[in-house]
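This briefing goes through one part of a protein model in plain terms. The topics are strand contacts, the sheet, the helices packed on it, and a pocket.

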Amino acid sequence: MIALSLAEIAEVVGGQTHDIPDPSVQVTGPVVRDSREVEPGTLFAAFVGERVDGHDFAEKVVEAGAVAVLASRPVGVPAIVVADVQTALGALARHVVRRLGATLVALTGSAGKTSTKDLIAQVLRRKAPTVFTPGSLNNEIGLPLTALSATEETRFLVLEMGARGIGHIRYLADLTPPRIGLVLNVGTAHIGEFGGREQIAQAKGELVESLPQDGAAILNADDPLVRAMASRTKAKVILFGESGEADVRAENVRLTDSGQPSFRLHTPSGCSDVTMRLYGEHHVSNALAAAAVAHELGMSAEEIATALSEAGSLSRWRMEVTERPDGVTVVNDAYNANPESMRAALRALAAMGEASRAKGGRTWAVLGKMAELGDEALAEHDAVGRLAVRLNVSKLVAVGGREASWLQLGAYNEGSWGEESVHVSDAQAAVDLLRSELRPGDVVLVKASRSVGLESVAEALLAGGTEGEVAAR
């Protein structure tokens, strides 16, 4: 964070200082909420959770080097006491962002946010110091914490914004006002909470409504609901996609034998070829979105293409591809799942399987439920099961309860009569099945919503051997 005295912070957040001998002492390190992340110069934000109360760690964090605690009650060590820690954190982030002078890039969408954010960060940091959202910390707590990790040297601040209802993105954009706003897509993630895709579009479009007149709205030309958001902003509009009308577009898209996308990148400033290290054709759209941001910020087509070709995955459990010593490839995409990302992952698996199939290898889709789909849950799980069969996935392993049974039923009704699909009760049962049947050359995709915890299956398969159990969750 930029250096601020405790007196300044108290004024910004409307708090009272307690047990602070010298209010001129400065916070020079990051603001954190996890006591394990404390370092000298830190400000520790004490949140009260369902199981843990951050106030209980006050003495420990000060001993570890924290300058003070941002708290909702006195804690016997230097503290700034406020009525609500979350509100105060947001106010502090708003103040710091206004003082930074960095260009703020915000992005949202139903699928691909984290992968695209990681791509944008890897491209922009070739140009200037860049701070970006770690993982998927894209809510009302994670976003200000990311903003507060920026320093005087930061020139680009890339923030992922999530939403679970109308008004959420408006709130986040007010905390950290962006100059560039990117909307990737409008899908069915969280449709059970929103009520429909139109409501999702209404929520995502709050980002472009927040942009200043001298800003830029970067919109997906291939998604009609996103493209229509052009009418909701006073900022310049830049379109990306495979459409011929897109300002930043891809041509000659193909997949390598290993399933990595390659294409010709077209921007208003020139063209260049891209071959990505990531897996799956869905990353083409993510790459174009990142390219559009970089173009707006003055990078050439050649610079962008080079950066995209060298970029990797920065966040865990998102198409992490690992080949075991015995030749089995495990694709850990278990961080989260919705219908759009599930379909993209299955297509990537099918592409990766082409090379392995020639050597006698098979493709395995180990899938669990997609959460928060509401009334669409049955139809969407059924559709994913059917798609696995249409893509000629060798075997679908549906893991878990009711939703998993719908996946298997969809595969069965599409033409998989028992041999190509199976329903197992839990992660351990999936691991037991796979360990008994996998052979060299096989490719295994593992994917489900975060709550299912299927990353344990991938981790068990990569642990090696035939012994051991899935860690208890």
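In this predicted model, L367 stands opposite A398 in strand β20. A second facing pair is W364 and K395, the latter again in β20. The points below start from this strand pairing and move outward to the sheet, its helices and a pocket.

**Strands β19 and β20**
- Strand β19 covers residues 363–367 and strand β20 covers residues 395–399; the two run parallel and are joined by four bridges.
- β20 is largely enclosed by the rest of the structure, because five of its five residues are buried.
- In a regular strand, side chains alternate between the two faces of the sheet.
- In β20, K395, V397 and V399 point one way, while L396 and A398 point the other way.
- Both sets are buried, K395 included.

**The sheet**
- β19 and β20 belong to an open sheet of six strands, ordered β17-β18-β22-β19-β20-β21.
- Pairing in this sheet is mixed.
- β17 and β21 (421–424) are the edge strands, and each of them pairs on one side only.
- On average, neighbouring strands of the sheet are turned by 15° against each other, with direction ignored.

**Helices on the sheet**
- Helix α13 packs on the sheet and touches β17, β18 (329–332), β19 and β22 (443–447).
- The direction of α13 makes about 170° with that of β22.
- Helix α16, residues 427–437, also packs on the sheet, where it touches β19, β20 and β21.
- The direction of α16 makes about 155° with that of β20.

**The second largest pocket**
- The second largest pocket holds about 280 Å³ of space.
- Its lining consists of 14 residues, and those closest to the pocket centre are E323, T329, M352, S356 and V443.
- Which elements each supply at least two residues of this lining? They are edge strand β17 (320–323) and helix α13 (339–357).
- α13 gives the most to the lining, with three residues.
- Sorted by class, the lining has five nonpolar, five polar and four charged residues.
- Helix α13 therefore appears in two of these topics: it packs on the sheet, and it contributes to the lining of the second largest pocket.

Definitions and conventions. Residues are numbered from 1 along each chain as its sequence is written. This is a predicted model: local features need pLDDT of at least 70, side-chain atom pairs count only at pLDDT 80 or more; totals for chains, interfaces and linings use all residues. Side-chain values use heavy atoms; hydrogens and water are left out. On a 1 Å grid over the protein atoms alone, a cavity is a set of points where a 1.4 Å probe fits but cannot get out, and a pocket is an open set with protein on both sides within 12 Å along at least five of seven lines; lining residues have an atom within 4 Å of a point. Grid points are joined across faces, edges and corners, and a volume is the space filled by probe spheres set on the points. Ala, Val, Leu, Ile, Met, Phe, Trp, Tyr, Cys and Pro count as nonpolar, Asp, Glu, Lys and Arg as charged, and the others, Gly among them, as polar. Two strands pair if DSSP finds at least two bridges between them. Axes are lines fitted to C-alpha atoms, for helices over the stretch in contact, and angles run from 0 to 180 degrees between N-to-C directions. Contact means heavy atoms within 4.5 Å. Buried means under 20% relative accessible area, exposed over 50%, partly exposed in between (1.4 Å probe, protein chains only).
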